Every structure is written in structure tokens, then in C-alpha cells.
Amino acid sequence: LADIAKPEKVIPAVVEFVDIAGLVAGASKGEGLGNQFLANIRETDAIAHVVRCFADDNVIHVASRIDPVNDIEVINTELALADLDSAEGDKDAIRQKDLLEKLVPHLDQGLPARALALSDDERATLRELNLLTAKPTMYIANVAEDGFENNPHLDAVQKFAAAEGAMVVPICNKLES
């Protein structure tokens, strides 16, 4: 772009990634890293959620099983519960009342705020709430070297992401390392 536009000054784009340890069920109530984890996510502009889509007996999983959709649902539920606490605490704001009446039942089902059909005005109000589940999200599916095709775990993550309008980026961390 700089070659085409010939600006006076070129400022490279910068993306900062913050690696946040995994979240466990009950985090919204303080389990695991709990509130520290949620506070770190609140400070981000987007979420890149890495999910495991491969089996390897040498790499343990906190739940002792490979189920990436369940892993995503645990995270989304915990983020929704944290957002639900925020939304219920702000119900007195008249400007936000109509939005919150739509949002609270949605979050109560464990669904992310980003998946709620909203008008442009409601989206602007939603941004002011700085909800965790309203942040743009992509799922980074960590697959085995031969796991890019015919991988039921990857297929499940892609189906799940499509339902909420999210993107999936499959990678093989072992191959990259």
C-alpha cells in the first residue's frame, strides 16, 4: 500500500498477541485462574481461541478427552456467565434497557453476544458494555500433521464456528515447531 499511496511516513501494522492460559468450568465463579483470566480477556480487542483437534497420548488434556466443541462451549459459557453478571448489573441504564432485555436471555443460554442479531444502534450500545462474548473471535484448530482433512474434530469446530459466524484457522503446532 505504501508503494501505491506514497505516504510521507510508513507506520507498520502491529498486532500484539497475549497468550492466556486455558479456562476451566467455573472460572466465572473464581475457579482456576478465574477472574484474572476474565480481566485479561476484557483488555483485548479480539479473541483467537486455540482448540485441540488431535489425539496424542503424550499431550495431556485437562478433561482427559478430545472434544474441541465442548472445550469451546466451556469457554463460551464462562464468558457468557461473566457477561451476564455485567448485563444484570447494568439493567437500570434506560438507554441500554431494550438491549439488555434481548441480551440477558441470550447470555443465559450460554450463547455469545456476538451471535445475537442486533441493529447498528444496538451494536454501538453493545460495544459500550465491553462484553467478553461480543469480541470478534476466531478458532485456531490445532491439528495433527495429517489432520487437515478427514478430521472429525476439525469438522465439528468448523460447523460450530459457522453457526456463530466465526472463522476457523487450522494449524499444526507440531509441524510449526
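**A walk through the salt bridges of a predicted model**

Let's start with a pair of charged side chains: Glu122 and Lys102 form a salt bridge, and their closest N and O atoms are 2.7 Å apart. This pair ties together distant parts of the chain, since Glu122 sits in helix α5 (residues 120-129) and Lys102 in helix α4, 20 residues apart. Keep in mind, as you look around, that this is a predicted model.

How covered are the two partners? Glu122 has a relative accessibility of 15%, so it counts as buried, because buried means under 20%. Lys102 comes out at 39% and therefore counts as partly exposed.

Now stay with helix α4, which spans residues 94-108. Here Lys97 and Glu101 meet through their side chains in another salt bridge, with 2.7 Å from N to O. Both residues belong to this helix, and they are four residues apart, which is about one turn of the helix. Lys97, at 40% relative accessibility, is partly exposed, and Glu101, at 46%, is partly exposed as well.

Next, move towards the beginning of the chain and find Arg42. Arg42 forms a salt bridge with Asp83, and the closest N and O atoms of this pair are 3.9 Å apart. Once again the pair links distant parts of the chain: Arg42 is in helix α2 (residues 34-42), Asp83 is in helix α3 (residues 68-89), and 41 residues separate them. Is each partner buried or exposed? Asp83 has 0% relative accessibility, so it counts as buried. Arg42 has a relative accessible area of 25% and is therefore partly exposed. In the whole structure, a search finds four salt bridges, and you have now visited Arg42 with Asp83, Lys97 with Glu101 and Glu122 with Lys102.

With these pairs in mind, step back to the chain as a whole. The protein chain has seven helices and three strands, and from the N terminus on they run α-α-β-α-α-α-β-α-β-α. The chain has 177 residues, of which 37% count as buried. Among contacts between residues at least 6 apart in sequence, 62% join residues at least 24 apart. As for the surface, the chain exposes about 11,300 Å², and carbon and sulfur atoms supply 52% of that area.

Finally, visit helix α7 (residues 173-176), where you will find Lys174. Lys174 reaches 59% relative accessibility, so it counts as exposed, because exposed means over 50%. Lys174 and Val143 are 31 residues apart in sequence, and their C-alpha atoms are 8.5 Å apart in space.

Technical notes:
Residues numbered from 1 in each chain as written. Predicted model: local features only at pLDDT ≥ 70, side-chain atom pairs only at ≥ 80, totals over all residues. Heavy atoms only, no water. Helix = DSSP H or I, 4+ residues; strand = E, 2+ residues; numbered from the N terminus. Buried < 20%, exposed > 50% of the residue type's maximum accessible area, 1.4 Å probe, protein only. Contact = heavy atoms within 4.5 Å. Areas by Shrake-Rupley, 256 points an atom, 1.4 Å probe, with all protein chains shown as cover.
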